[in-house]
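Got your viewer open? Take a moment to colour the chain by secondary structure, then follow along stop by stop.

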Amino acid sequence: MALISAQNLTIAYGGRPLIEDATLQVERGERIGLVGRNGAGKSTLLRILAGTLEPDGGRIIRETGIRVGLLPQELPRGLQGTVETCIGSGLGSASGAEHTVRRLCSLLELVPEDEVGSLSGGQRRRVLLGRALVSDPEVLLLDEPTNHLDLDGIRWLEGFLGRSSLSLVFVTHDRAFLQALSTRIVELDRGTLTSWACDYPTFLRRKDELLAAEEREWSTFDRRLAREEEWIRRGIKARRTRNEGRVRALERMRRERAARRDRDGDVRMTIQEAERSGSRVIVARGVSFAWDGQPVVSSLEVTLRRGDKVGIIGPNGAGKTTLLKLLLGELEPDTGEVVHGTALRPAYFDQHRAQLDPEASVADNVAHGSSHVRQDGERRHVLSYLQDFLFSPERARQPVKALSGGERNRLLLARLFTEPANLLVLDEPTNDLDADTLELLEERLLEFTGTVLVVSHDRQFLDNLCSSTLVFEGGGRVKEYVGGYSDWRRVVETRGGDPRGSPADTAGRSRAAQDPVRGRGEHGSQNATNKQVGSRRLSYHERRELEALPARIEAMESELESVHRSLSDPELYRGDPEVIREATERARTLESEIARAFRRWEELGQRE
């Protein structure tokens, strides 16, 4: 029997149902990734499954005595008290509550005595997760669980949920998180739930095929309907001799066409480019900056050139937004200088949406009270422009405070792209965007010939976009790496560093070292294995393996050096593309194998 069975659910908030005749089974141990466009009703469905919202129709059947935990999308306002009190509120006065709460605080890397109001957004997210987990639920419902988390927090949560035996239903805009965790994809589209027993990339491919088939079927139907409408409208003779069965069939076709739920249009996004900037866009020389004596940036040396797509990676509170403001000239460095190139026209996307007036209408926030905006030199009515970003005329006249998080981010993009720019500075632009809009944003940024500077915790977004990354490595050190998130991670792993989650979070690593539960984290299974075998002497085969490892590592490093030489030869790229692909793949494989060999050498050496 399913843990939760949702049968023929229907719910509406005026107009057409948000969810209509939907059915879903949540089985024990499975992890369901719930996907759909902004406003499709995903959060509503989670609340129905949790029992905090009653549907208009249908029913929910839960296994007797089942416990369900819910992590909401938005951080509740007015969270007060200590961490321990807030987590414990999800348990009540049950016996053993204090021990359970303390164990969760350790697991979630939280200090029980800390005041919730003093915590960062990511830490408060962990508190709410603790409150959802404290009752030891069999089913956990997560609504955008990676919101407010930095890379370290996202990877920690990924590992924690991946090792747990919980049944999960989760909504997320983080495609890497979805791919890592989901065992099944369920899509909510136009009120209907569809289950896809595959991973996320396969779902995207199959969904495209389904939509193409649907479009062909509807096109054929519409042509038939048009022919029948033409027949019924013919002259007197046709009406006298018409077939009554054919008339009834036409009436059925009309009802079927009226009941059809057309798919919402796609966002149409155009980035207006200003005249080209100089070759050097921003040059930082010896830049240092500190808050209250604590270094945020120390001796930064970096040159951004026209066309660069640069990501900024770092834990929450490291100073990523401060770095943006230093590079833009909004903050003066304590030492060093920031020099801007010629003809620079920046546009800035603010993650806190401070540029939006919540009391003003959507249209006024974009057109600043005017009825028109300029796009590619032409005047265009603001309501028409906003329809490109899926704001209907009615929605465009509503105040910004009525919008969801995803809609506000779309609005900020709409506002950003009304002005020509050759430098786009984006601070967490992907939050709450649905997958379709996110992928379109990636495409437009890749096509943009100017320079892009972006802060993001979305690993796939960074991988798809960035030509280089600036990484906070602790103590104000910011280092530049070639490529996106995965490229940075691979380099640090190869060097034997700790790329876990956020870069060089020394405080986090020290906590992990002190916390035996944390030790079973992402690298924890290996650490636990080391502890189990630590007291066991090397076997004969293990000793032979240890003796052979240095030569094996040296041989792989030599081969890797040879492959790198080949890849740096311009002649290679004039030949067979398959040879290039094989060489690139071999380099990646060797880097991974060398890192594993070093870890194995260290493990065996500790037991020698």
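Select Glu 109 to begin: it sits in the loop between α3 (97-107) and α4 (121-133). Helix and strand labels here come from DSSP runs, H or I of at least four residues for helices and E of at least two for strands, numbered from the N terminus. This is a predicted model, where local features need pLDDT of at least 70 and side-chain atom pairs count only at pLDDT 80 or more, while totals for chains, interfaces and linings use all residues. Residues are numbered from 1 along each chain as its sequence is written, and side-chain values use heavy atoms, with hydrogens and water left out.

Back to the loop. Glu 109 has a phi near 60 degrees, a positive value in a residue other than glycine. Most residues other than glycine have a negative phi. Is Glu 109 buried or exposed? Its relative accessibility is 15%, so Glu 109 counts as buried. (Buried means under 20% relative accessible area, exposed over 50%, and partly exposed in between, with a 1.4 Å probe and protein chains only.)

Now jump to Ser 299, in strand β11 (residues 294-305). Ser 299 also has a positive phi, near 50 degrees. At 54% relative accessibility, though, Ser 299 counts as exposed.

**Strand β7 and its neighbours**

Next, select residues 167-171, which form strand β7. Five of the five residues are buried, so β7 is largely enclosed by the rest of the structure. Turn on the side chains: Ser 167, Val 169 and Val 171 point one way, while Leu 168 and Phe 170 point the other way.

Who are the partners of β7? Add strand β3 (residues 31-35), which pairs with β7 in the parallel sense over four bridges. Two strands pair if DSSP finds at least two bridges between them. Look for Ile 32, which stands opposite Val 169 in β7.

Then add strand β6 (residues 139-143), joined to β7 by parallel pairing over five bridges. Here Leu 140 has Leu 168 as its bridge partner. Show helix α5 (residues 151-163) too, and you have a right-handed β-α-β unit made of β6, α5 and β7. Right-handed means that, with the strands pointing away from you, the path from the first strand over the helix to the second runs clockwise.

**The six-stranded sheet**

Another sheet comes next. This one is open, has six strands in the order β14-β17-β18-β12-β19-β20, and shows mixed pairing. At the edges stand β14 (346-349) and β20 (478-482), each with a single partner strand, so one side of each is left without a neighbour in the sheet. The twist averages 15 degrees from one strand to the next. For angles, axes are lines fitted to C-alpha atoms, for helices over the stretch in contact, and the values run from 0 to 180 degrees between N-to-C directions.

Helix α14 (residues 405-416) packs on this sheet, touching β14 and β17 (423-427), and its direction makes about 170 degrees with that of β14. Touching, or contact, means heavy atoms within 4.5 Å.

In the same sheet, pick out strand β12 (residues 309-313) and strand β18 (residues 451-455), which pair in the parallel sense over four bridges. Gly 311 stands opposite Val 454 in β18.

**Helix α17**

Select helix α17 (residues 485-494) and highlight Tyr 485, Trp 488, Arg 489 and Val 492, which are buried. They cover an arc of only 95 degrees around the axis, taken from the directions from the helix axis to the C-beta atoms, which puts them on the same side of α17. The buried residues of α17 pack against α5, β12, α16 (459-465), β19 (468-472) and β20.

**Two cores and a last stop**

A nonpolar core is a set of buried Ala, Val, Leu, Ile, Met, Phe, Trp, Tyr and Cys residues joined through side-chain atoms within 4.5 Å. The largest one has 48 residues, and Leu 386, Phe 389, Leu 411, Phe 417, Leu 424 and Leu 445 have the most contacts inside it. Its largest share, five residues, comes from α14. Apart from it lies another core, of 40 residues, among them Leu 133, Leu 166, Ile 185 and Tyr 200.

Finish at Ala 396 in helix α13 (residues 393-396). Ala 396 is buried, with a relative accessible area of 0%. Which residues does Ala 396 touch, not counting those up to four places away in sequence? They are Ser 361, Val 362, Ala 363, Leu 383 and Leu 386. The C-alpha atoms of Ala 396 and Val 362 are separated by 4.8 Å, though the two are 34 residues apart along the chain.
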